[in-house]
Amino acid sequence: MSATETVRRHNSYALGRSPQEYERLRAQARVWEAATGRVLDQVGLPQGASCLDAGCGPGETMRMLARRVGPGGRVLGVDADSSIGTQAVAMLHGSGHRQCAFHPHDLTAGEPVPGAPFDLVYARLLLFHLPQRVAVLARLWDAVAPGGHLVVQDYDIRSISVLPDLASVGEVGRVIIEAFGAAGADVYVGARLSQLFAQAGAGTPDGTDVSGRVEPFGTGRVFLESVFRSVLPAALAHGVTTEDAAAATLAEFDRDAARFADRPMLWPLMIGAWKRKGQA
Ligand SMILES: C[S@@+](CC[C@H](N)C(=O)[O-])C[C@H]1O[C@@H](n2cnc3c(N)ncnc32)[C@H](O)[C@@H]1O
């Protein structure tokens with residue numbers, strides 16, 4: 001399948017494919033860097049190991065993996081969006097991580113994972129988007145080498161809130177949840193990881209990890225607003241909101257963010273699970 005076909009087939013993804021969305025993903029990756037590092041510390045990743053980052057996006061986790069495995073290791077990113085992956089690898093090579101490569105690949109297409117097996121198969125914020133999440137997870141588990149690890153981190157967005165509640169934040173949250181739901185996403189997938197590992201044939205995870213973030217609404221608003229803007233085309237297409245209602249919500253959200261900037265805002269939970277594959 002060509003890269004263009006890969007992207008065309010992958011049309012249920014609710015987030016955008018714009019430079020702004022790529023920058024949002026980079027900023028989001030920086031927020032979760034410590035949480036991902038902690039999970040990678042749990043499984044241990046030796047120098048020289050081979051890794052897959054499934055749904056690698058802007059490549060920020062690939063950078064972390066490259067630092068851990070060193071120049072003798074191998075880090076392959078796959079993503080249905082060839083544009084984001086190509087940019088990621090150019091950036092990684094530019095900063096000296098020549099052991100990184102990218103392959104455009106739709107993980108729902110039923111084809112084998114390229115380059116398998118790997119010592120580490122990692123996926124963050126991927127299963128969330130995929131209605132075929134059990135089948136994809138089974139395929140990722142198949143791509144783990146004997147003695148290697150499968151590591152997944154994903155959101156449960158039930159926690160998103162400002163304290164005390166604000167109607168504008170509630171409406172932004174409603175639109176986000178319903179737009180993702182209409183596109184086949186599971187916005188609580190993080191909490192379901194143990195169940196999904198079992199359904200995918202990997203068994204009960206060896207460990208789990210829950211990370212969160214709280215910050216003043218005055219700064220945290222950027223996260224909520226950027227996700228809202230990113231899912232808005234999908235929300236409009238599925239009738240979750242209208243142009244006028246979305247504009248009114250954003251105006252109210254803006255006023256609230258200025259007025260209640262010091263209220264604590266809770267982000268989604270980032271939940272991790274990992275499993276070591278036994279030696280054959
Ligand atoms: C929210 S981003 C997360 C990116 C990265 N894993 C991170 O945590 O920074 C989800 C990524 O999964 C990719 N993706 C979505 N559906 C996919 C599929 N069917 N096959 C491969 N990649 C997919 C998207 O293109 C996007 O880059």
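The largest pocket of this predicted model has a volume of about 170 Å³. Two elements give two or more residues each to the lining: helix 2 (19–31) and helix 9 (217–237). Helix 9 supplies the largest share, five residues. The full lining consists of Arg24, Ala27, Gln28, Val31, Arg213, Glu215, Thr219, Gly220, Val222, Phe223, Ser226 and Trp267. By class, five of these residues are nonpolar, four are polar and three are charged. Phe223 and Trp267 are among the residues that line the pocket, as are Arg24, Arg213 and Glu215.

The second largest pocket has a volume of about 150 Å³. Strand 6 (161–162) and helix 7 (167–182) are the elements that each give two or more residues to its lining. Helix 7 gives the most, with five residues. The lining runs through Ile157, Arg158, Ile160, Ser161, Val162, Asp165, Leu166, Val169, Gly170, Gly173, Arg174 and Ile177. Six lining residues are nonpolar, three are polar and three are charged. Arg158, Asp165 and Arg174 belong to this lining. So do Gly170 and Gly173.

The strands come next. Seven of them form an open sheet with mixed pairing. Their order is 3-2-1-4-5-10-7. The edges are strand 3 (100–104) and strand 7 (207–211), each of which pairs on one side only. From one strand to the next, the twist averages 15 degrees. Within the sheet, strand 4 (residues 118–124) pairs with strand 5 (residues 144–156). The two run in the parallel sense, and six bridges join them. Tyr122 has Val151, in strand 5, as its bridge partner.

A helix also packs on this sheet. Helix 5 (residues 82–94) touches strand 2 (74–79) and strand 3. The direction of helix 5 makes about 170 degrees with that of strand 3.

Confidence was examined along the chain. The average pLDDT of the protein is 93. A score of at least 70 is reached by 96% of the residues. Residues 1–11 form a stretch where pLDDT stays under 50. For this stretch, the model has 18 contacts beyond four places in sequence.

Note on methods
Residues numbered from 1 in each chain as written. Predicted model: local features only at pLDDT ≥ 70, side-chain atom pairs only at ≥ 80, totals over all residues. Heavy atoms only, no water. 1 Å grid on protein atoms, 1.4 Å probe; cavity = no way out; pocket = protein on both sides within 12 Å on 5 of 7 lines; lining within 4 Å. Points joined across faces, edges and corners; volume = space filled by probe spheres on them. Helix = DSSP H or I, 4+ residues; strand = E, 2+ residues; numbered from the N terminus. Nonpolar A, V, L, I, M, F, W, Y, C, P; charged D, E, K, R; others polar. pLDDT = per-residue confidence, 0-100. Contact = heavy atoms within 4.5 Å. Pairing = 2+ DSSP bridges. Axes fitted to C-alpha atoms, helices over the stretch in contact; angles between N-to-C directions.
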